[in-house]
Amino acid sequence: MRDAKAAAKPRPGRGLGVWLLLAAALLMSGCAAVSVSSVSPALYLAERRGDVLTTGHLSGAAQEVARVAGIDDCGEAPDSCRQALAQAEGITDEQRLSALAELWLQAALEADRPPAVAPEAPDAQPAGQGGDADATAVDAWLETARHAWAYLFLTRRSPGDRAFEDRQTQVRDYYNFAVQRTVTRLFHRYARDARAPGAGPSTGDAVELAVGRWQLAARLESPSFAGDMPLPQELLPASSLRFTGLRNTYRRDGFGAPLVAVLPPAQGDPVDAPFTTMRYPAITALLTFEGRTLAEVLGSHRVQVRLYDPYRSDRVDLAGVPAPLAANFTAGYGLWLARSGFAKQALRTLLGLSDGIVQPQVQLMQPYDPERGIVVMLHGLASSPEAWVNVANEVLGDETLRQHYQIWQVYYPTNAPLVLNRRNIALALQQTLAHFDPQGTAPASRHMVLVGHSMGGVLARLLVSDPGRALWSVLPQGPAMAAALADDPTLQRELGDYLDFKPLPQVDRAVFIAAPHRGTPFAETGLARRVANLVTLPLAMLEQVNDLSRRLARLPPMQENGLPLRLPNSIDNLSDRDPFVRAVADLPISPKVRYHSIIGREDPAQPLARSSDGVVPYASAHLDGAESERVITSWHSVQETPQAMLEVRRILREQLRSEGAAR
């Protein structure tokens, strides 16, 4: 009991200790304290990777550098902040340059904002259209690019040493975005001056500009950009374009700003040429700064604008460092389709209305490259290059195929009879090849691949077939016809232009997709016959065959129904009862051509031999001797299925292997 009572008694000095502890806590409350909390992975990544470009606020890395340099807040006086940071000690060049690049980016974004236009000043110029505001913005964008360039290529470590660092990715993005804004701004300024009254003709081969304290010179770096390339009507950042109807957008990460040039129509192509070069070529722009050392680059104001064809160049030398060239391979193609008006024009063509086309046109999807093989795509009835919207994009999105192929799309009048289209398409392809490769020695002029859908597949087959005299059987037989041909050599020669032909010698592979080689009963349905009655040939097309039509009409009736001979229209040619289709059904394909079939089957439960894609029966699309045949559950537009696109890519890769084995 005594021990317990003794323990309960307060010990001398205990109260004083408590007071001392309380006093110490009060004194410490005036000092900084550290606490801890947890953050989610999403918040951690947002804080680590967020910057002025993505969030509008300086990155944690830039704020940290400023604090190390003794700068608490750059928001109040950004000019003074940049000056202080440029002279601060105790930080590395990488820290200084990356922070300055971001601070200049912040200034550029601010200068790029259109000023508020007061009601009493309706004629005020928005930013980017000249004046001091334009020079201020360009100066800030160039400073952004220059400091990013210096960080990337002129500090102690190489880009490869920082390959896994988030900060390098951020600074590369600052550089790329600054290039995009600088080049598009300078283009608008230069184009405005070049189009001013009294200005001479301008091309894009040599441009020099002075903006404030900067001297800039532009240079075309790729041979596909001809020296007389016309001044574009527009120069659009690829990153600003979004498309519906395209399954994928294919890009290549790297350095530079991917752009799309919009060239004037019919510029650079010969008069009456059967081909049209791509009016929306992809371009990648770079800015390079004069000087070999960090001090030289930061002290110079001379800049070179370098423009590349990303199909031709995938790596560039930047300050002695080989670097990947950024690219967007979808934007130009998508813009071309979006602005083409193909859908309406194709329908007007079928019905023979004005604003249709009367001759095949070879559309080059990129600047001609003599080293790349050519894939020729032919659409079907009442269609246009839009039929290949995703097929072409998927081919060009495949890195291996993009390096070895270029795509030509044949846009042809689908109201014309097959014999006329076959002749004119063959002529257009031969003339296009002769224009770009007069000697016929370039790799592009060999190992061509034809890919045709529906009626385009039938035409593709005719382009690789040798009929001999077989097609003369479509004419009425007997003494009367023989006498008519004997008495009129001109008629015989004109008929021979359409009935006697040889396979295109440049082609050694073909892909037939949902092609009615033996016609289709669908062409005899009431709906098809009503449409066929609306199909007419415009006057300009009739003039191509006017003499032949008149000669046929003057012949005595020799058909069973007693009617005079006439040229069939395209829907007639798709009927399984059409004499021409029956005659071409068994034409021999050139033995040098390997061919493949892709066939749709709408109902997979239907026996294959009796199946159909809703338009073309399997029995009509099937060809004996095909190197491969792929049947896909699909309606007639089977070319738009992922399975068909994969099959086309597989066949093109097989073509590359066979070309390699042949060398």
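On the surface of this predicted model, a nonpolar patch is built from Val-39, Leu-43, Tyr-44 and Leu-45. Taken together, these four side chains offer about 350 Å² of accessible area. Tyr-44 belongs to helix 3, which covers residues 41-49. With a relative accessible area of 44%, Tyr-44 comes out as partly exposed, because that label takes in whatever falls between the 20% limit for buried and the 50% limit for exposed.

Turning to the interior, the largest nonpolar core brings together 59 residues. Tyr-175 and Leu-287 are the ones with the most contacts inside it. Helix 7, running over residues 131-153, supplies the largest share of this core, with twelve residues. What does Tyr-175 touch once its neighbours within four places in sequence are left aside? Its partners are Ala-145, Ala-148, Trp-149 and Leu-152, along with Phe-255, Gly-256, Leu-286 and Leu-287. A second core, separate from that one, holds 54 residues, among them Val-376, Tyr-412, Ala-460 and Leu-471.

Further along the chain sits Ile-571, part of helix 21 (residues 570-574). Is Ile-571 buried or exposed? Its relative accessibility is just 6%, so Ile-571 counts as buried, the cut-off being under 20%. Ile-571 also pairs up in space with a residue from another stretch of sequence: its C-alpha atom and that of Leu-381 are 8.2 Å apart, although 190 residues separate the two along the chain.

Conventions:
Residues are numbered from 1 along each chain as its sequence is written. This is a predicted model: local features need pLDDT of at least 70, side-chain atom pairs count only at pLDDT 80 or more; totals for chains, interfaces and linings use all residues. Side-chain values use heavy atoms; hydrogens and water are left out. A nonpolar core is a set of buried Ala, Val, Leu, Ile, Met, Phe, Trp, Tyr and Cys residues joined through side-chain atoms within 4.5 Å. Buried means under 20% relative accessible area, exposed over 50%, partly exposed in between (1.4 Å probe, protein chains only). Helices (H or I, at least four residues) and strands (E, at least two) are DSSP runs, numbered from the N terminus. Contact means heavy atoms within 4.5 Å. Patches are made of residues with over 30% relative accessible area and no salt bridge: like charges are joined within 9 Å, nonpolar side chains (Val, Leu, Ile, Met, Phe, Trp, Tyr) within 5 Å. Accessible areas come from the Shrake-Rupley method with a 1.4 Å probe; for residues, only the protein chains shown count as cover.
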